[in-house]
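Can you walk me through this protein model? I'd like to know how far to trust it, and then look at a few places in detail.

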Amino acid sequence: MIRTIGSHVLRTIWIGFTRGLLLGLIGGLLAGGIEALSIIRDAPSARAALNEAALYAIVVNGLACAGITAVIASALAVVLRLMRRQVSARTGDALFVSAAAVTTMFAVGSVWAFRANGADRSAGIPLPQLFLILVISLGFGAVVQWLARGYATALLSSVRRVATLGIVGTIVLGAVFPVQVVLEARESASMRDETVDAMQPADVDALQVDPSVDLTNALAMRFVRRGARPQTEPNVLLITVDALRADHLGFCGNDEMRTPWLDMLASYSVVSCTTYTEQPQTNPALASLMTSTYPAVNGVRRHMVDRLSDSFDTLAKELKRHGFTTAAVLPWTSLEPAFSGFQQGFETYEAFVLNEPEAMKNPATAALAGVYRRVTEQVALGGAVESVLGMRQGTEAEIDGRADLSASATISWLKSHGDEHFFLWVHFFDPHYPWTAPEPWDQLYDGGRDYDGPYDGGMGFVYEMRAGVFNPTPRDVEFLRAMYASEVSYTDHYIGQVLGYMGRQGMLDNTIVVVTADHGESLGERGTSWTDGMYWLHGDDVYTPGIQVPLVIYDPRSTRGHQVLTAPIQHIDIMPTILDLLDLPRPAQAQGRSIVPLMRGAEDGSDRVAITVLGDDSQVAINAADGWKLIVNRETGERELYNIDTDPKEARNLITDAPLMASALERRLDSWAQANHVAVAIRSSDDAGGL
Ligand SMILES: [Zn+2]
C-alpha cells in the first residue's frame with residue numbers, strides 16, 4: 001500500500017518534472033532568442049564574438065529556464081494531484097503551461113532588471129520594478145492559461161514524448177559548453193606540445209646585470225662592435241608595458257620620474273611621446289597593435305571577451321613566415337589564448353603570473369574559465385550569477401604580473417634562443433592597477449612614504465572606486481600617484497636588466513627594440529568626477545592620461561641617434577613600421593602607416609591623425625597635428641576641442657573659439673567612421689538643437 005502511494009507520488013513528480021523541463025526549455029529558448037537579437041542589434045560594430053554571444057544567450061536562458069521550471073512544475077504536479085477532484089485534467093494541463101510561462105517571464109525579467117541596474121548586489125532590484133515584472137508575468141500567464149486550454153492536453157498527453165523531448169533538448173543544449181571547452185583545450189594543449197614544455201625563469205637578480213655598464217657600453221659601442229661580426233637581418237624585441245602613460249617617463253619630459261634605463265635607450269632611439277592607443281583597454285589595444293587594424297575592423301572590442309579571429313595576419317605570423325623564431329613572454333591572464341587569441345604566430349607563448357591559480361595552467365580549466373568569462377560578460381543571466389558568486393573578481397584580486405618574473409623568463413628564453421633570428425614580445429604588467437609596488441620600490445617617491453590612509457593601492461580600492469564609494473583626500477591621491485610612479489620605476493629597473501643582459505651578450509648590436517604601452521592610466525586628473533570613478537583607471541574616457549603612450553624605436557643600424565617625433569602616431573602604425581624597417585611587405589589588411597618616412601624626414605607628418613574610440617563607440621577622439629584634439633561624445637552629442645600642446649590638462653574647451661578647426665577634424669572623423677563602419681553619429685551643434 002505504502003509502496004503503491006510512493007510510486008504514485010514519484011510518477012506524479014516525474015510527470016511534472018518532464019513537463020516543466022520541456023515547457024521551460026521552450027520558454028527559455030524564446031527568451032534566449034530575444035536576448036540574442038538584442039545582442040546583435042546593440043553591437044556597436046563588427047564583433048568577432050557576436051554569433052557566439054547570441055548562442056550563449058540561447059543556451060544559458062534555455063538551460064536555466066528548463067531547470068527552474070522543472071523544479072517548480074514537480075511541486076505543482078503534486079499539488080494538482082492532491083486537488084484532483086476540483087481541477088479537470090484540461091484545466092490542470094493548461095495551468096501547467098501557464099505556470100511555466102509565468103515562471104520563465106518572471107525569472108528572465110528579474111535577471112534583466114538586475115543587469116539593467118548595474119548588477120549591483122546591494123541595490124538588487126527595486127520592489128516597484130519587481131512588482132511590475134510580477135504583474136506583467138501573471139497577466140501574460142492568464143492569457144496563456146486561456147489559450148492553452150485548447151492545446152495543452154494534446155501537447156502534454158504522452159508522458160514519454162514530453163520526457164523524451166525535454167531531456168533530449170536539455171542534453172543537446174547542455175552539450176554546447178563541454179564541447180566548446182574540449183575543442184579549445186585540445187587546441188591550446190596541442191600548441192603547448194609544439195612549444196617549449198617549461199621555460200623555467202632564471203633568477204634575474206642573480207645575474208648581476210649592471211645596465212650602467214652593460215647597457216651603456218652596448219649602446220655607445222654598437223658600431224665598433226658591429227664591425228667585428230657578420231651583418232645579418234636584425235632581430236626584433238617588442239616590449240609593451242601595461243598602462244604606462246607617456247608623461248610618466250623621464251625622456252618625455254617628466255623630471256620627477258626615475259626611469260633611467262628607458263631614458264638611456266631613448267637617447268639612442270627615435271622617440272614619440274604623442275602615440276595613441278586605438279582603444280584604451282589591454283586586449284583591444286594590443287589586437288590593433290598586432291594586426292594594424294582598428295578595433296571596429298578586427299572585432300576585439302571587449303577586453304577578455306572578444307578574441308582575435310584567425311583571419312588576420314598578426315605581426316608574429318608575418319615574421320614567422322619570414323623565418324623568425326617567434327616567442328612571447330606574458331605577465332597576465334588576459335593574454336592567455338582562451339581570452340585573447342593572441343597566440344597566433346608564436347612558437348612559444350608563455351605566461352608567468354604571480355599567484356596564478358592551478359586552474360589557469362591546465363588547458364581544460366583555462367578554456368572553461370574563458371567560456372565562463374564570456375558567458376558572464378555577454379549574457380544577462382550569466383552576469384547575474386557571477387555578481388552573486390564573485391568567482392572572477394576573487395581570482396583576479398589574487399593574480400599579479402610582476403616585472404621580475406617577466407624579466408627572468410625573458411632572459412631565460414634569450415639564453416636558449418638568443419642566437420637564433422628572433423621576434424620576441426614581452427609584456428610588462430606592473431603599472432596597471434592594483435598599484436602595489438614591491439619593497440623598497442614603494443618608498444621611492446615622497447608621496448609613498450609615511451602614509452597611514454585607508455588605501456593600499458590594492459584591488460579592494462579599485463572595487464570601491466568602481467562602486468562609487470571612493471572619495472580620496474588629497475593625501476590619498478598623492479599616495480596612489482606615488483604608488484603608480486613606483487610601479488613604473490620598478491618596471492624600468494627590470495627592462496634595464498633585460499636590455500643590460502642583451503647588451504652584455506652583444507644582442508643589442510643586432511636587435512631592433514620597440515617599446516610602447518597598450519594604453520595610459522587616469523590618476524584622478526579631472527578631479528570633479530572622482531566619486532563616480534570616471535577619471536581613474538582606463539577604458540571609460542578618451543582624455544589624454546588614458547590614451548597617450550610612449551613609443552621608442554631603437555634600430556642598431558641607424559646612424560641618426562636620438563630623434564623626437566611630434567606628429568600623432570597610432571598603435572596601428574607600429575606593425576607597418578617594424579615591417580618597413582625589415583624591408584618586408586605589409587599585409588593587405590594593414591590600416592596604419594609606417595613612420596619610417598617621418599624618421600627619415602621624407603614626410604613632415606602634418607596630415608597624420610590618431611583616432612581612439614571606446615569599446616561601445618560612445619566616445620571618439622581624434623588627435624591631429626599641432627596639438628589639436630576633438631572629442632565627440634555620441635551619447636550626449638557634446639563635442640570638446642582642445643589644444644593639448646598649450647593646454648595639456650584639457651581644461652579649456654575651444655569648440656566655440658575655433659569652429660573651423662572643429663569642423664575640419666569632425667569631417668576627418670566622419671570619413672574615418674564611414675570607412676570603418678563605426679557608428680559615430682556625429683551631429684553638429686546646429687543639428688542637435690535644431691528641433
Ligand atoms: Zn592594459
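Here is a short tour, starting with confidence and moving on to a helix pair and one residue.

Keep in mind that this is a predicted model. The protein chain has an average pLDDT of 83, and 85% of the residues come in at 70 or better, that is, they score at least 70. Two stretches deserve some caution. Across residues 193-198 the pLDDT drops below 50, and leaving aside near neighbours in sequence, this stretch makes four contacts in the model. Residues 681-691 also have a pLDDT below 50, with eight contacts in the model beyond near neighbours in sequence.

Now have a look at helix 8, residues 211-220, where it packs with helix 21, residues 474-504. Their axes lie 8 Å apart and make an angle of about 55°, which means that helix 8 is oblique to helix 21. The crossing of the two is left-handed. On the helix 8 side, you'll find Pro 211, Asp 214, Leu 215, Asn 217 and Ala 218. They meet Gly 496, Gln 497, Leu 499, Gly 500, Gly 503 and Arg 504 of helix 21. Sorted by class, this contact holds four nonpolar, five polar and two charged residues.

Next, go to Ile 15, which sits in helix 1, residues 2-42. Is Ile 15 buried or exposed? Ile 15 has 20 other C-beta atoms within 10 Å, so it counts as buried. Setting aside residues up to four places away in sequence, Ile 15 touches Ala 77 and Val 159. Ser 158 is 143 residues from Ile 15 in sequence, yet their C-alpha atoms are 9.8 Å apart in space.

Terms used: Residues are numbered from 1 along each chain as its sequence is written. This is a predicted model: local features need pLDDT of at least 70, side-chain atom pairs count only at pLDDT 80 or more; totals for chains, interfaces and linings use all residues. pLDDT is the predictor's confidence in each residue, from 0 to 100. Two residues are in contact if their C-beta atoms, placed from the backbone, lie within 7 Å. Axes are lines fitted to C-alpha atoms, for helices over the stretch in contact, and angles run from 0 to 180 degrees between N-to-C directions. Helices (H or I, at least four residues) and strands (E, at least two) are DSSP runs, numbered from the N terminus. Angles under 35 degrees count as roughly parallel, over 145 as roughly antiparallel, 65 to 115 as roughly perpendicular and the rest as oblique. A crossing is left-handed if the near helix is turned anticlockwise from the far one by less than a right angle, and right-handed if clockwise. Ala, Val, Leu, Ile, Met, Phe, Trp, Tyr, Cys and Pro count as nonpolar, Asp, Glu, Lys and Arg as charged, and the others, Gly among them, as polar. A residue is buried if 20 or more other C-beta atoms lie within 10 Å of its own, exposed if 12 or fewer, and partly exposed in between; C-beta atoms are placed from the backbone.
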